[in-house]
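I set out to look up the internal cavity and the overall build of this chain. My entries follow below the view.

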Amino acid sequence: MTDDYRSLNRANWDERAPMHAASADYRVSRFLAEPEYLSEVVRFDLPFLGDVRGLRGVHLQCHIGTDTISLARLGARMTGLDFSPASLAQARKLAKQTESAVDFVEADVYEAVSALGAERFDLVFTGIGALCWLPSIERWARTVAGLLRPGGSLFLRAGHPVLWAIDETVTDRCTIGYPYFETPEPMVFAEDTTYVETDGSLEQTTTHEWNHGLGEIVSALLANGLAITGLTEHRSVPWNALPGRMACDEHGEWRMIDHPERLPLSYTLRARKD
């Protein structure tokens with residue numbers, strides 16, 4: 001495994017960043033107009049997240065910072081980390097415009113401990129759609145453990161690995177078309193669109209992605225000294241993952257139109273470092 005995936009994915013995310021900041025789906029205008037506004041992702045998380053006031057938190061793979069700033073608005077002392085300089089430029093701009101006391105650091109997620117320091121954080125937050133960009137879930141779990149001080153917690157909401165394994169191009173039925181388990185080689189995609197409504201199309205289209213089974217994720221965290229304190233599977237996900245088969249609810253969550261009981265779409269996992 002070379003680091004080619006980083007440069008390819010970084011180029012893709014650098015191009016997405018200004019498009020996402022301009023997209024109505026990220027609701028940057030509401031962050032500017034409403035001092036208490038929270039992203040839809042973080043609003044979904046609230047029943048599981050608990051009180052974060054006063055916690056020193058780090059948001060890994062923070063992108064343009066809307067979830068990071070939302071956590072800061074809830075009272076956490078937040079740092080956002082991302083490998084995309086274009087994403088961080090948008091995040092810092094939004095933080096300045098909203099007078100949010102959030103630090104943003106440019107680094108690859110696997111280099112987070114060396115970039116930020118070991119055992120400095122009460123909370124590691126990893127938002128939806130982040131893990132699929134990482135080739136090794138064990139290395140990610142080791143990073144999380146390295147960042148957390150004893151007693152600190154991980155909060156993760158992610159697309160369900162069963163959903164990631166579904167071939168979205170088959171529209172008349174749900175078909176397993178991609179790996180469920182982590183594989184040495186990536187899945188390679190070339191798409192000129194992104195997951196929100198934007199003007200224009202991407203030129204940096206090639207991405208490398210991986211799936212990680214739920215058992216692999218849990219086992220990696222346990223092996224690195226974290227205890228699982230909660231695991232909830234959800235029937236919704238905050239993007240149109242299977243076009244033509246989903247409907248959006250009033251909270252911005254997408255749900256299966258037919259037989260929603262048959263397919264897990266996302267999950268929330270909480271873990272604690274003792």
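**Cavity lining**

I looked first at the lining of the largest cavity: strand E5 (148-159) and helix H8 (161-165) each supply at least two residues of it. Helices (H or I, at least four residues) and strands (E, at least two) are DSSP runs, numbered from the N terminus. I note that the model is predicted, that local features need pLDDT of at least 70 and side-chain atom pairs pLDDT 80 or more, and that totals for chains, interfaces and linings use all residues. Residues are numbered from 1 along each chain as its sequence is written, and side-chain values use heavy atoms, without hydrogens and water.

I counted 1 cavity of 30 Å³ or more. A cavity here is a set of points on a 1 Å grid over the protein atoms alone where a 1.4 Å probe fits but cannot get out, and lining residues have an atom within 4 Å of a point. The largest cavity holds about 70 Å³, the volume being the space filled by probe spheres set on the points. Of its 13 lining residues, Leu131, Cys132, Ala158, Gly159 and Trp164 lie nearest the centre. I found 9 nonpolar, 4 polar and no charged residues in this lining; Gly counts as polar, Ala, Leu, Cys and Trp as nonpolar.

**Whole protein**

I recorded that buried residues (under 20% relative accessible area, 1.4 Å probe, protein chains only) make up 51% of the 274 residues. Contacts (heavy atoms within 4.5 Å) with a separation of 6 or more come to 72% from residues 24 or more positions apart.

Definitions and conventions. On a 1 Å grid over the protein atoms alone, a cavity is a set of points where a 1.4 Å probe fits but cannot get out, and a pocket is an open set with protein on both sides within 12 Å along at least five of seven lines; lining residues have an atom within 4 Å of a point. Buried means under 20% relative accessible area, exposed over 50%, partly exposed in between (1.4 Å probe, protein chains only).
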